[in-house]
Amino acid sequence: MKNISVIIPCYNHAKTIAMCLESLFAQSLAPSEVLVVDDGSTDELDASLAPYLSRIKLIRQKNGGGPVARNRGFRESTGAFVMFCDADACLRRDALERLFRALKDHPGAAYAYASFRFGW
């Protein structure tokens, strides 16, 4: 089963959310669902998300911070596997596939964590 939910807590990331979503939709192993939790954004997030509304589940809430947004997304997700993704992250094309494979190859593992690099 490759039922993967990706949860993106988002607060005022109108400038980066499209890049993040494009990297998710280009994955070699596609997510089953992408949930964007708008944590009370006050920027132009709606305009940035408009082209993706048919491909994401948008959840809106008043600002409560990242952990609250992640928990809300988790409660509303349906995947057997869950990935939390920051709204300014740009994933390598094989990120989900490699994380999924790590968990499948190590059934006793509770989570997999990818390395990352700051900056462009």
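**Cores and the largest pocket**

Let me begin with the largest nonpolar core, which has 23 residues, and in which the most contacts are made by Val6, Ile8, Ile17, Leu21, Leu24, Val34 and Val36. At least two residues of this core come from each of strand S1 (4-10), helix H1 (17-25), strand S2 (33-39), helix H2 (45-49) and H4. I should say at once that we are looking at a predicted model. As general background, nonpolar side chains in soluble globular proteins tend to be buried together.

Take Val34 as an example: setting aside neighbours within four places in sequence, Val34 is in contact with Val6, Ile8, Leu21 and Leu24, and also with Phe25, Arg55, Ile56 and Lys57. There is, in addition, a second and separate core of 5 residues, with Leu35, Val37, Ile59 and Ala69 among them.

Now, the pocket. The largest pocket holds about 1400 Å³ of space, and of the 32 residues that line this pocket, Met83, Leu91, Ala114, Ser115 and Phe116 are the closest to its centre. Two or more lining residues are given by strand S4 (81-84) and by helix H4 (95-105), with H4 contributing the largest share, 6 residues. In terms of residue class, the lining divides into 23 nonpolar, 2 polar and 7 charged residues.

Finally, a word on Glu22, which is found in helix H1. Is Glu22 buried or exposed? Neither, strictly: Glu22 counts as partly exposed, because its relative accessible area is 42%, and that value lies between the 20% and 50% cut-offs. Glu22 and Leu91 are 69 residues apart along the chain, and their C-alpha atoms are separated by 9.1 Å.

Conventions
Residues are numbered from 1 along each chain as its sequence is written. This is a predicted model: local features need pLDDT of at least 70, side-chain atom pairs count only at pLDDT 80 or more; totals for chains, interfaces and linings use all residues. Side-chain values use heavy atoms; hydrogens and water are left out. On a 1 Å grid over the protein atoms alone, a cavity is a set of points where a 1.4 Å probe fits but cannot get out, and a pocket is an open set with protein on both sides within 12 Å along at least five of seven lines; lining residues have an atom within 4 Å of a point. Grid points are joined across faces, edges and corners, and a volume is the space filled by probe spheres set on the points. Helices (H or I, at least four residues) and strands (E, at least two) are DSSP runs, numbered from the N terminus. Ala, Val, Leu, Ile, Met, Phe, Trp, Tyr, Cys and Pro count as nonpolar, Asp, Glu, Lys and Arg as charged, and the others, Gly among them, as polar. A nonpolar core is a set of buried Ala, Val, Leu, Ile, Met, Phe, Trp, Tyr and Cys residues joined through side-chain atoms within 4.5 Å. Buried means under 20% relative accessible area, exposed over 50%, partly exposed in between (1.4 Å probe, protein chains only). Contact means heavy atoms within 4.5 Å.
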